[in-house]
Amino acid sequence: MNKVDQNVLNNSFTYDAFRSYVTEALQNNPEKLQLTADYLPYAELNEARLHRLDKTLNVEPEVAEVMENLNKEYIWLVISESWCGDAAQSVPMLNKMAAITDKVDLRIVFRDQNLDLMDQYLTNGGRAIPKLLIVNKESREVLGDWGPRPADAVQLVNDYKAEHGKFDEDGIIALNKWYTKNKGQQVQQEVAALMTDIDQ
């Protein structure tokens, strides 16, 4: 079973620290984010999206009950990047879930600064993010993982690629509409189910 290196955890961010780091960088020093010119607009778009979702997302009562009744202590280590649209849609919900309980410590690391870690959790051979690692807080063993998208979002992307031969800007618009309509429900339900299995 894989273990997360303590140095990775030492260099990780809390959710609030990650948000502050990215916001400050976008405002004053975009070079800190190590983004190409093509990716910078996506990071700026995600700032507005995150600001909205932090205010509007809510954890369902049955999911809150799962989080409140966890038996063991965990680190939720999220591999992410400021430009990632899927991360901007899902990570705020993970933060809301983690905030319910003192049994979960949510931490975030930048993918491109942790490729050794990322490459242990590829999706169909790709470095797809966000990727949530459920880590035993004491042993640092990875007990499970989730991501980069909820099941219905994965299906939407696959169907779009099958129909159009690629996933383009119209596909991204369709995916974001799905996220907006779903309001984080599938993210929290899937992660809560995973936690229920792990916490036995």
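This is a short tour of the structure, one selection at a time.

**The whole chain**

Begin with the full protein chain, and keep in mind that this is a predicted model. Coloured by secondary structure, the chain shows nine helices and four strands. Followed from the N terminus, the elements run α-α-α-α-β-α-β-α-β-β-α-α-α. The radius of gyration is 16 Å, close to the 16 Å that the globule rule gives for 200 residues, so the chain is as compact as a globular protein of that length. Turn the C-alpha trace along its principal axes and you will find spans of about 45 × 35 × 35 Å.

Now switch on the surface. Its accessible area comes to about 10400 Å², with 46% belonging to carbon and sulfur atoms. Buried residues account for 44% of the 200 residues. If you display contacts between residues at least 6 apart in sequence, 75% of them join residues at least 24 apart.

**Helix H2**

Next, select residues 15-28, which form helix H2. From first C-alpha to last, its 14 residues reach 20 Å, close to the 20 Å expected at 1.5 Å a residue. Show the side chains of Tyr15, Phe18, Arg19, Val22, Ala25 and Leu26: these are the buried residues of H2. Look down the helix axis and they fall within an arc of 135°, so they line one face of the helix. Swing round to the other side, where Asp16, Gln27 and Asn28 are exposed.

What covers the buried residues of H2? Add helix H3 (40-56), helix H5 (85-98) and strand S2 (104-110) to your selection, since the cover includes these elements.

**Helix H5**

Stay with H5, one of the elements covering H2. Its 14 residues should span 20 Å at 1.5 Å a residue, and the end C-alpha atoms are 21 Å apart, which agrees. Is this helix largely enclosed or largely open? Eleven of the 14 residues are buried, so H5 is largely enclosed by the rest of the structure. To see this, step through the buried stretch from the start: Asp86, Ala87, Ala88, Gln89, Ser90, Val91, Pro92, Met93 and Leu94 are among them. Further on, Met97 and Ala98 are buried too.

**The S3–S4 hairpin**

For the last stop, select strand S3 (residues 131-136) and strand S4 (residues 142-146), which pair in the antiparallel sense over four bridges. Label Val135 and you will find it opposite Val142 in S4. The two strands form a hairpin with five residues between them. Finish at Arg140 in the turn, which has a positive phi of about 70°.

Technical notes. Residues numbered from 1 in each chain as written. Predicted model: local features only at pLDDT ≥ 70, side-chain atom pairs only at ≥ 80, totals over all residues. Heavy atoms only, no water. Expected span 1.5 Å × (residues − 1). Buried < 20%, exposed > 50% of the residue type's maximum accessible area, 1.4 Å probe, protein only. Arc of directions from axis to C-beta. Contact = heavy atoms within 4.5 Å. Pairing = 2+ DSSP bridges. Rg over C-alpha atoms; globule rule 2.2 N^0.38 Å. Areas by Shrake-Rupley, 256 points an atom, 1.4 Å probe, with all protein chains shown as cover.
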